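Q: I'm a first-year student and I'd like a close look at one single part of this protein. Could you pick a helix and walk me through what surrounds it?

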Amino acid sequence: MNKELLDALNVLEKEKDISKETLLEAIENSLLTACKNHFGKADNVKVCIDHETCEYELYAELTVVEEVEDPVSQISLEDARAIRATYDIGDIVRRDIKSKEFGRIATQNAKNVILQKIREEERKAIYDQYSAKEREVVTGIVQRYIGKNVSIDLGKADAMLNENEQVKGEEYKPTERLKLFILEVKDTTRGPRILVSRTHPELVKRLFEAEVTEIQDGIVEIKAISREAGSRTKMAVWSNDPDVDPVGACVGVNGSRVNSIVKELRGEKIDIINWSDNSAELIENALSPAKVICVLADDDEKTAQVIVPDHQLSLAIGKVGQNARLAARLTGYKIDIKSETQARESGLFEEIGYIEDYMEEDEEEFAEDMIVDDEYDEYEQDAEDMSQNEDEFEEEEMPEDSAEEETNSDSEE
């Protein structure tokens, strides 16, 4: 029987992740409970279990007295000397207790104590396991809808994907596998309650940490991230190694790394930009793919004025203001975007003294625009210049040619 008990404890330890010592402690408590139910009290009952062989000894310690008042804890001198002749008043006598003598109720109570302990330890083990994974990403299998919430099987425990943590437009089918972000693990009387999310920005961050080896090695860091789940995410990255391109590391060869994450997020667009300690440069990068003329950032007020070309205004703002909104969340600045025309009409260029710099920096771009706009006029001007140059050239060369002709004529004569 002890071998069977040992085998059962080993199986429970492996399957339920409950230590054998804890289970043996539960058995000790169950035996004490059974003794208390059988004898009325168990203050003088001792249980000794060998944790290696599961051999156990159950006995009661009885005090030797002349006249027995409490037969549960006392023994007469005559009965004690019947066991051993050397016993005297005040000595302690051990009397073995046979567990087979317990009644049905005492046995059932002992069983319930063991089962209760197993359930408690199982819940505790699951709670410890998933509380350690809080703020991490796990893989779960969709079980069923409970109202508008979704029950997710995480293996040893069930999690709940609430309606407000679901991406709008996503449908979850039974047996479908999902990547989920563990928001919170609560310890309740019914076991751990695990709340997961598909909308949290940290989900994207953890997916990149798992996919990009440079992030795992600490070479590339994710400095900031903003997300509108199901639509677009902006992420700013930084490299501690000047030879490593942080954006390229996250994108991967032919976009392999970012594409796997986009696939997991069911087509959500991801903008990866370079982080900068310069707030103006960071804001300019955050507004990509829109091109920016200039950024005027106030680090104290956390505000920024951004000027973009007229044809880039809608791109900078984005659909329903999404691009500007995500850029503001990413940088932590309140961003005011104006077109070039709006800036000129409001005198913003003159106010910040940026016109000359802007003209010098973009001189080549303006030159190209002038060539495109006045191409025909310049062509005509070039033709006139060339014609004028040819006339001047002929006028300068004519005297020499005439002299040669006169010389040739004289020599012929």
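A: Let's start with a pair of helices. H9 (residues 279-286) and H11 (residues 322-331) pack against each other at an angle of about 145 degrees, and their axes are 9 Å apart. Helices (H or I, at least four residues) and strands (E, at least two) are DSSP runs, numbered from the N terminus. The axes are lines fitted to C-alpha atoms, for helices over the stretch in contact, with angles from 0 to 180 degrees between N-to-C directions.

Please keep in mind that this is a predicted model: local features need pLDDT of at least 70 and side-chain atom pairs pLDDT 80 or more, while totals for chains, interfaces and linings use all residues. Residues are numbered from 1 along each chain as its sequence is written, and side-chain values use heavy atoms, leaving out hydrogens and water.

The crossing of H9 and H11 is right-handed (the near helix is turned clockwise from the far one by less than a right angle; anticlockwise would be left-handed). On the H9 side, Leu282, Ile283 and Ala286 make the contact; on the H11 side, Ala327, Leu330 and Thr331 do. Contact here means heavy atoms within 4.5 Å. These residues divide into 5 nonpolar, 1 polar and no charged. (Ala, Val, Leu, Ile, Met, Phe, Trp, Tyr, Cys and Pro count as nonpolar; Asp, Glu, Lys and Arg as charged; the others, Gly among them, as polar.)

Now stay with H11. It is largely enclosed by the rest of the structure, because 7 of its 10 residues are buried. Buried means under 20% relative accessible area, exposed over 50%, and partly exposed in between (1.4 Å probe, protein chains only). The buried residues of H11 are Gln322, Asn323, Ala324, Leu326, Ala327, Leu330 and Thr331. What do they pack against? Their partners are strands S10 (220-228), S11 (232-239), S12 (269-274) and S15, together with H9 and helix H10 (313-317). Just after H11 comes Gly332, which has a positive phi near 85 degrees.

Three of those partners belong together. S10, S11 and S12 form an open sheet of 3 strands in the order S10-S11-S12, with mixed pairing. Two strands pair if DSSP finds at least two bridges between them. S10 and S12 are the edge strands with a single partner each, so one side of each has no neighbour in the sheet. From one strand to the next, the twist averages 20 degrees. S11 and S12 run parallel and are joined by 6 bridges; one place to look is Met235, whose bridge partner in S12 is Ile272. Helix H5 (residues 201-211) packs on this sheet, where it touches S10, S11 and S12, and its direction makes about 145 degrees with that of S10. H11 also packs on the sheet and touches S10, S11 and S12, with its direction at about 135 degrees to that of S10.

S15 leads us to another sheet. This open sheet has 3 strands in the order S13-S14-S15, again with mixed pairing. Its edge strands, S13 (294-298) and S15 (334-339), each pair on one side only. Neighbouring strands here are turned by 15 degrees against each other on average, ignoring direction. S13 pairs with S14 (residues 303-308) in the antiparallel sense over 5 bridges, and Val295 stands opposite Val306 in S14. H9, the helix we met at the start, lies across S13, S14 and S15 and runs at about 125 degrees to S13. So which element links back to S15 from our chosen helix? The buried residues of H11 pack against both H9 and S15.

Finally, let's zoom out to see the setting. The protein has 16 helices and 15 strands, and buried residues make up 37% of its 413 residues. Among contacts with a separation of 6 or more, 56% join residues 24 or more positions apart. Elsewhere in the chain, S5 (residues 137-146) and S6 (residues 149-153) run antiparallel, joined by 5 bridges, with Val142 opposite Ile152 in S6. Their hairpin has 2 residues between the strands, and Gly147 takes a positive phi near 70 degrees there.
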